[in-house]
Amino acid sequence: MPVPSLPPSPDSFRGQVRIFYDRHGRDFAWRGNITPYRIVVSEVMLQQTQVERVSSAFPRFIEHFPDFESLARATLEEVLIEWQGLGYNRRAIALKKTAERVVSEFSGNLPCDARILATLPGIGKATAASVTVFAFNIPVAFIETNIRRVFLHCFFPGRKEVPDREIVPLVVETMDEEDPRTWFWALMDYGAYLGRKSVNANRRSSHYRPQSAFLGSDRQIRGIILRILVREGGIHPDTLCTLAGVDAERVRRIMKVLENEGFIEIQRDLVRISRE
């Protein structure tokens, strides 16, 4: 399907996006059997992670932890086992802490107020807005990568360094107040299509930052350390350094960071996933 040339008319824009979604809308597990819990899990997983990887991990995670209560009761090690392959493991511990707060402070019922949601671990303002839209079908304007790409492509052709403050009013103006959930799905699916079929319009955003290299980064080593501990259980620090296969001092430095973040416990002769 060729990329349509969309005029910057709100009515024409809405019509074209809806036509695209009716013909090419994507089917994801979190778009069926919608519950606030499933939406929170999917939105946290989708932060900085390709949708294909989330599509694979989401059903497995939901099978093991079907609701806030089961996730709150789980150990961090159990959560990390099911989180493998998604990266950015800080999100796993944040998601578990969010579940604990929802259970302890809200009796297991997720608040539908975006301002409250933004105070939960790992959520933040943008994710709180998207959760409000997708979990409760309440109209709240938000921007993420694919949505930004659509508006840059359609309303700012050829412009560079476009700030989000110029895009947000258009998001508000074109939003479907009656069914914002479906509308934002449509925007995201159209943006994903544009990302595959044309030059990435997001490069013209003032917020665009190329992703740093993963290979050899501290982020990669963090993941290696956690995978080893999930696989081996508690092991000696020297053994962990050997299995990690990189400079021992660097491994020990990253281990200390992981300990401070609550991921692992370091004792004199033992390193393991945190049991708190």
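A salt bridge is counted where a side-chain nitrogen of Lys or Arg lies within 4 Å of a carboxyl oxygen of Asp or Glu. The exercises below apply this and related criteria to a predicted model.

**Exercise 1. Salt bridges and their placement**

Determine how many salt bridges the structure holds, and work out where the partners of the pair Glu82 and Arg60 lie.

*Solution.* The total for the structure is 17 salt bridges. For the pair formed by Glu82 and Arg60, the closest N and O atoms are 3.2 Å apart. This pair links distant parts of the chain, since Glu82 belongs to helix H5 (residues 76-83) and Arg60 to helix H3 (residues 51-64), with their positions 22 residues apart. The next step is to classify each partner by accessibility: Glu82 has a relative accessible area of 9% and is therefore buried, whereas Arg60, at 29% relative accessibility, counts as partly exposed.

**Exercise 2. A bridge inside one helix and a bridge between two**

State which helix holds both Glu105 and Arg101, and then examine which helices are linked by Asp238 and Arg252.

*Solution.* Glu105 and Arg101 form a salt bridge whose closest N and O atoms are 3.1 Å apart. Both residues lie in helix H6 (residues 90-106), and their separation of 4 residues corresponds to about one turn of the helix. Glu105, with a relative accessible area of 45%, is partly exposed, and Arg101, at 25% relative accessibility, is also counted as partly exposed.

Turning to the second pair, the side chains of Asp238 and Arg252 meet in a salt bridge with an N to O distance of 2.3 Å. Here distant parts of the chain are linked, with Asp238 in helix H13 (residues 237-244) and Arg252 in helix H14 (residues 248-260), 14 residues apart. Asp238 is partly exposed at 41% relative accessibility, and Arg252 is partly exposed at 34%. Elsewhere, salt bridges that share partners join Arg26, Arg31 and Asp189 into one network.

**Exercise 3. Aromatic pairs**

Give the number of aromatic pairs, and explain why the pair formed by Phe28 and Trp30 is described as stacked.

*Solution.* The count comes to 15 aromatic pairs. The ring centres of Phe28 and Trp30 are 4.8 Å apart and the planes meet at 10°, so the pair is stacked; the cut-off needed for this step is that planes under 30 degrees apart count as stacked. Phe28 and Trp30 are both buried. A further step identifies an aromatic cluster, which is made up of Phe13, Phe151, Phe155 and Trp183.

**Exercise 4. The enclosure of helix H9**

Establish how many residues of helix H9 are buried, which helices are included in what covers them, and which residue caps the N-terminal end of H9.

*Solution.* Helix H9 spans residues 145-155, and 9 of its 11 residues are buried, so the helix is largely enclosed by the rest of the structure. Among these buried residues are Arg148, Arg149, Phe151, Cys154 and Phe155. The cover over the buried residues of H9 includes helix H1 (10-24), helix H10 (164-174) and helix H11 (180-197). At the N-terminal end of H9, Glu144 acts as the cap, with a side-chain oxygen 2.8 Å from the backbone nitrogen of Asn146.

**Exercise 5. The nonpolar core and Phe184**

Find the number of residues in the largest nonpolar core, and then decide whether Val140, a contact of Phe184, is buried or partly exposed.

*Solution.* The largest nonpolar core has 86 residues, and those with the most contacts inside it include Phe13, Phe151, Phe184 and Leu187. Helix H11 supplies the largest share of this core, 9 residues. Leaving aside residues up to four places away in sequence, Phe184 touches a set of residues that includes Val133, Phe134, Val140, Phe142, Ile147 and Met175. Val140 is placed in the loop between helix H8 (124-136) and H9, and its relative accessibility of 22% makes it partly exposed. With the same sequence exclusion, Val140 touches Ala129, Thr132, Val133, Met175 and Phe184.

**Exercise 6. Cysteines and disulfides**

Report how many disulfides a search of the whole structure finds, and classify Cys112 and Cys241 by accessibility.

*Solution.* The search of the whole structure finds 0 disulfides. Cys112, at 43% relative accessibility, counts as partly exposed, whereas Cys241, with a relative accessible area of 7%, is buried.

Definitions and conventions:
Residues numbered from 1 in each chain as written. Predicted model: local features only at pLDDT ≥ 70, side-chain atom pairs only at ≥ 80, totals over all residues. Heavy atoms only, no water. Phe/Tyr/Trp six-rings, centres within 6.5 Å; stacked < 30°, edge-to-face > 60°. Buried < 20%, exposed > 50% of the residue type's maximum accessible area, 1.4 Å probe, protein only. Contact = heavy atoms within 4.5 Å. Polar contact = N/O pair within 3.5 Å; in protein donor to acceptor, adjacent residues only side chain to side chain. Disulfide = S-S within 2.5 Å. Core = buried A, V, L, I, M, F, W, Y, C linked by side-chain atoms within 4.5 Å.
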